[in-house]
Amino acid sequence: MADEKIMVLINDLQKYDNEESYKLNYEVIKKELEPTIRKLTNYKEKSLDYLHSILKNKETWSCFFALEILKDIKNEKSIPYLVKFMEENEEDFGDNCEAASQAITSIGKPAIRPVLESVRDSFVKKKYNIFLVGALTEIKDEEVYNFMKEMTENYIKDYKKYDSWMPIDSFIYNFDKQGKKDIISILENLVKMDNLSKREKIEIQSTIDIIRDPVKFNESIKTDTAEFLEDSKDFNKFEKFLSGNLKMNKKEKEDFFERSGTGDDEFEASFLCKDCNERQNIKTGLIWDFDGESFSFENEIMCKHCFCHNIILTDIGKQEIISKKMRILLGKDKGIISVGKNVTVEDKKMEYNRTYDYLLNRLKEEPLNGELYLRAANNARKNNFYQDVFKHYKKAIELNPKLIATYLNLAEIYLHRYWYYGMESSSDESIKYFRKTIDLFNTQDYDSATIRNEEYILDFIEESSKKLGLNIELMKVKIGRNDLCFCGSGKKYKNCCLVE
């Protein structure tokens, strides 16, 4: 008799398993099915076989509600079905796997061994099932804690074994559920690791803070939430921007482009060296965004460990840049120029990834054109092709010694290598090209191709001389009384150096 009643309820649970109902809101369906869900839950163990059978229909509303019912029944017999469901469906059915994870957590300690066995097996295969790991680490238990501690220590010991597949900030997230403060010292060693991105370090530090002082942490969360709600008022701005429907007035556009085109000297993105497999954070300088996936950087991107250029932006790095784009739109950041896929080279429009090959072909057509070599070098620099960068700049100097940008750019590259990457030998090279820049500038007989304006040269000389610890002398430049002063003060010449 009970079986017949349960079958009626199961049929009722499945009545929204159709294309039309999949368009409906969860809350609407949940309200309609509330009596059915309550009765199936009250049948407890008697309804399990029917509910387990529904899990095969993973794309349906009934599957989702069956998982919610299993969470409330909390029966050990459901464990293998829930584990199998998460193993098979983590990539395609996130919401349902999250419900299965919550059902495992509600069952608690009896689920630890089978879930831990599944997680260990997936780790051997270098696979991270976020739902299984989340279910396991939510359960407070000595065995769970020891496993989490062991894996965290292994990551610190040799992170390269885990870094490509194990998101360490996600793995340690539930340490606070284990209620043991002695893990703090291990997490403090973890958060100091150079390979971690800024975002990962923030997440790990949050875990440390909540373990150390839950009350204080929760108070800070309230403050952060208030700030987030304030920021979220402008979030629709970003969505409109992505869809191309955002309309800005002239002043807003000017402010936006100013923020975009101003380099951020402190921003770091996450990169992975393909030669030595070291993940690291590198200062990018100004970023050019071509399609949301392809980026070029103002600074040379070089591995800090083996100094090679076989280095790529990680997925975390891309996420960091996307977050930065949103902050720029909201007026809270700077440093990314959105270019689009197509750019113009010599009055020809083409996809950016074709521009370097185009310039190489142009060099074959005009092998004695020094300015063309300069432009090819600038393009190679944006592509991080630094072997070609040096070759093209030096050829440009050979063909046209008056191209001041070649000396300035070489001085800048070597200075960055010395100042940022700690390459001592680059100091002498930087000084050599820096002095050539000054000498050529003092003659006032130079070719200014690719230079924005004379102020740019003066700014570079002033900043670089400070970094290199040099005293430099510039000849007086002929300048009008109402022009900006060449000293870089931002004042008019008549109110600055003219009065000295």
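The legends below describe close-up views of a predicted model.

**View 1. An open sheet of 3 strands with mixed pairing.** The strands follow the order 4-3-6. Strand 4 (295-297) and strand 6 (336-338) are placed at the edges, and each has a single partner strand, so one side of each lacks a neighbour in the sheet. On average, neighbouring strands of this sheet are turned by 20° against each other, direction ignored. In general, strands of a sheet pair through backbone hydrogen bonds, in either a parallel or an antiparallel sense.

**View 2. The pairing of strand 3 with strand 6, and the helix that packs on the sheet.** Strand 3 (residues 287-289) pairs with strand 6 in the parallel sense, over 3 bridges. Ile-287 has Ile-336, in strand 6, as its bridge partner. Helix 17 (residues 315-329) packs on the sheet and touches strand 3, strand 4 and strand 6. The direction of helix 17 makes about 85° with that of strand 6.

**View 3. A salt bridge between Arg-120 and Glu-150.** Side chains of opposite charge can pair when their charged atoms come close. The structure holds 30 salt bridges. In the pair shown here, the closest N and O atoms of Arg-120 and Glu-150 are 3.4 Å apart. Arg-120 belongs to helix 7 (residues 112-124) and Glu-150 to helix 9 (residues 142-157); the pair links distant parts of the chain, 30 residues apart. Arg-120 counts as partly exposed because its relative accessibility is 36%, and Glu-150 counts as partly exposed at 32%.

**View 4. A salt bridge between Asp-121 and Lys-125.** The side chains of these two residues meet at 3.1 Å, N to O. Asp-121 has a relative accessible area of 40% and is therefore partly exposed. Lys-125, at 59% relative accessibility, counts as exposed, since the category exposed applies over 50%.

**View 5. A salt bridge between two loops, formed by Lys-402 and Asp-445.** The closest N and O atoms of this pair are 3.0 Å apart. Lys-402 lies in the loop between helix 20 (386-399) and helix 21 (404-419), whereas Asp-445 lies in the loop between helix 22 (425-443) and helix 23 (454-468); the pair therefore ties together parts that are 43 residues apart in sequence. Lys-402 is partly exposed, at 38% relative accessibility. Asp-445 is also partly exposed, with a relative accessible area of 40%.

**View 6. A network of salt bridges.** Asp-264, Lys-324, Arg-327 and Asp-333 are the residues linked in this network.

Note on methods: Residues numbered from 1 in each chain as written. Predicted model: local features only at pLDDT ≥ 70, side-chain atom pairs only at ≥ 80, totals over all residues. Heavy atoms only, no water. Pairing = 2+ DSSP bridges. Helix = DSSP H or I, 4+ residues; strand = E, 2+ residues; numbered from the N terminus. Axes fitted to C-alpha atoms, helices over the stretch in contact; angles between N-to-C directions. Contact = heavy atoms within 4.5 Å. Salt bridge = Lys/Arg side-chain N within 4 Å of Asp/Glu carboxyl O. Buried < 20%, exposed > 50% of the residue type's maximum accessible area, 1.4 Å probe, protein only.
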